[in-house]
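Let's take a walk through this structure, starting with how its parts meet. Keep the 3D view open as you read.

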There are 2 protein chains.
Amino acid sequence: MAKKVVPETDRRRRKPTKQGVVLTEEMIVQTALRMLHEHGREGLTVRRLGVALGADPSTLYRYFRGTDDLTLAIADELIGRAMRGWRASGDWRADLREVGLRIHTAYLNHPEAAVLTANRVSGRANEIATDEAILGILRSAGLSDPDAVRVYQAFIDLTLAFAALDAASLALPEAARAADEEVWRATYAQLSPETHPNIAATAPLLVARMNDSAYPTALGMLLDSAAATLEAG
Amino acid sequence: MAKKVVPETDRRRRKPTKQGVVLTEEMIVQTALRMLHEHGREGLTVRRLGVALGADPSTLYRYFRGTDDLTLAIADELIGRAMRGWRASGDWRADLREVGLRIHTAYLNHPEAAVLTANRVSGRANEIATDEAILGILRSAGLSDPDAVRVYQAFIDLTLAFAALDAASLALPEAARAADEEVWRATYAQLSPETHPNIAATAPLLVARMNDSAYPTALGMLLDSAAATLEAG
DNA sequence: AAAAACCGTCAACCGCGTTGGCATAAGCTG
DNA sequence: CAGCTTATGCCAACGCGGTTGACGGTTTTT
């Protein structure tokens, strides 16, 4: 077997698939994303991806070194979708807020893919462009390079961390998701005020907040802190 | 096959294993944690866990309904380790900070387990006790119930989100980890100032910060915000 | 027109989680 | 101590997973 995958740019397509499909790296990634969305994290397997594309599973190894390589390609597609069409307005605070919310939203639109990829560094085009954009916002706002890097790191980590956390509960297999919610009703909401006074006192409030993301609040705090740095510097 | 797993409390042990080992739920969880630590996330399988315990893999299904159930047990053990020996000092800010750092640290000590469990609700004893403790800190600090719940949610989500994010990069299989770092040297650090001025200008600073967690900073921001709420209320 | 490269397919390997049936030892009853 | 029940460990098997090596047809190159 060939050890190397031919890079997409050098690829001269040869044979259509038995079912008549002509494959592309892009087509494979899009199909993988769709399968993740429709059938959940467990629903994406090399074999099923092959079936969905009308190709033998082993064909995919001509395009990706393995599942990890495919994962990175999915990661970059996700961030690409988040930033598609974005333009800087010049208002650093509004820009940063929008980039954060775009990423958070894009990830929540594909929770299964988000869980899979939120913590990876793909080094592909879309990821690099996004980092460049964020640093550009901070530096042209007037932050020194060390401050820009500090805020950049807090910003991107906060955003990805919340995206991953919020996506994770959306991406749970239906059974686990139901189980987690059932735990709430069956366990937390039933605790005695004697043994667990604080949970018992706040149970209704806890339930009401359970499905909201704390990301916007946390992002606001970060922006406040960055603004303070800017004024002090 | 029996549909039900006998609860640990009702269990009257009968047979030692072929290798002479007498199993316990606790022993299984501890062994699973150790295997995760030593052989990574992929290294923990039902079959290997069986071997490590000196028991047939199928025996584990007498103790857990399946891998998901085992995962929840691991989750609770992790939070239990984080909080072991903790006592409230009465200074709400110091207490909250310590609880956050304890959880973050405990998770980073078992990154593979953390990635597996950070987003699950186990409803088991240690998890409930921790939530009760956090709410207790906030309410006895003087926050109203709605404020306490708001801060509680931001606090626990922030902590778990960062724990998961920071753990994830520690937990990457060695190959992927090396690949991610290589991406940095090979890609980010080599970008031309012409096409990527902001990354090029800050590359050394980015590299220097790459391995630090932004959690303590973010936690500080959250505590500041909570203190402001307290004074305003 | 011949040679080379590409790339889809086939068959196979091994490891995975899980299950049903079976054997046996532990505990209970007397 | 004898016999019954039942918990629990073990075995064999199932279907599915990722991955690989050999093969062969098709396109591109020379």
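## Where the two chains meet

Chain A and chain B bury about 4,600 Å² between them, and carbon and sulfur atoms give 66% of that area. Bear in mind that this is a predicted model. If you wonder about the choice of number, the size of an interface is often given as the accessible area lost when the parts come together. On the chain A side, A:E132, A:N198 and A:R209 are good residues to look up: they supply 13% of the area that chain A buries against chain B, more than any other three residues.

In terms of residues, 51 from chain A and 50 from chain B take part in the contact.

## What holds hands across it

How many salt bridges does the rule find across the interface of chain A and chain B? It comes up with zero. Polar contacts are another matter, with a count of 12 residue pairs between chain A and chain B, both residues at pLDDT 80 or more.

Now for the elements on the chain A side. Those giving two or more residues to the surface that touches chain B are α6 (125–140), α7 (145–171), α8 (174–186), α9 (197–209) and α10 (215–232) of chain A. Which of them gives the most? That would be α7(A), with 14 residues. Sorted by class, the chain A side that touches chain B has 28 nonpolar, 10 polar and 13 charged residues.

## How the copies are related

Two copies of a chain are related by a rotation about an axis and a shift along it. Here, a turn of 180° and a shift of 0.0 Å along the axis lay chain A on chain B with an RMSD of 0.1 Å. That's the relation of a two-fold axis. To find the axis from chain A, head for A:A161: its C-alpha is the nearest one in that chain, 2.5 Å away.

Both copies use the same surface, too, since 98% of the contact residues of chain A recur in chain B.

## Inside chain A

Chain A itself comes in pieces: domain 1 (8–65), domain 2 (87–171) and domain 3 (176–218). Let's look at the first pair. The C-alpha centres of domain 1 of chain A and domain 2 of chain A are 28 Å apart, and their contact takes six residues from domain 1 and seven residues from domain 2.

The area buried between domain 1 of chain A and domain 2 of chain A is about 630 Å², with 62% given by carbon and sulfur atoms. Within domain 1 of chain A, the residues that lose the most area to domain 2 are A:L36, A:H37 and A:R41, together 69% of what that side buries.

## Links between domains 1 and 2

The rule finds one salt bridge across the interface of domain 1 of chain A and domain 2 of chain A. A:E25 forms a salt bridge with A:R124, and their closest N and O atoms are 3.3 Å apart.

There are also two residue pairs in polar contact across the interface of domain 1 of chain A and domain 2 of chain A, both at pLDDT 80 or more. The domain 1 side that touches domain 2 in chain A is made up of two nonpolar, two polar and two charged residues.

Definitions and conventions:
Residues numbered from 1 in each chain as written. Chains lettered and ligands numbered in written order. Predicted model: local features only at pLDDT ≥ 70, side-chain atom pairs only at ≥ 80, totals over all residues. Heavy atoms only, no water. Domains from an automatic or database assignment. Contact = heavy atoms within 4.5 Å. Buried area = accessible area lost by both parts, 1.4 Å probe. Salt bridge = Lys/Arg side-chain N within 4 Å of Asp/Glu carboxyl O. Polar contact = N/O pair within 3.5 Å; in protein donor to acceptor, adjacent residues only side chain to side chain. Nonpolar A, V, L, I, M, F, W, Y, C, P; charged D, E, K, R; others polar. Helix = DSSP H or I, 4+ residues; strand = E, 2+ residues; numbered from the N terminus. Least-squares fit on C-alpha atoms with pLDDT ≥ 70 in both.
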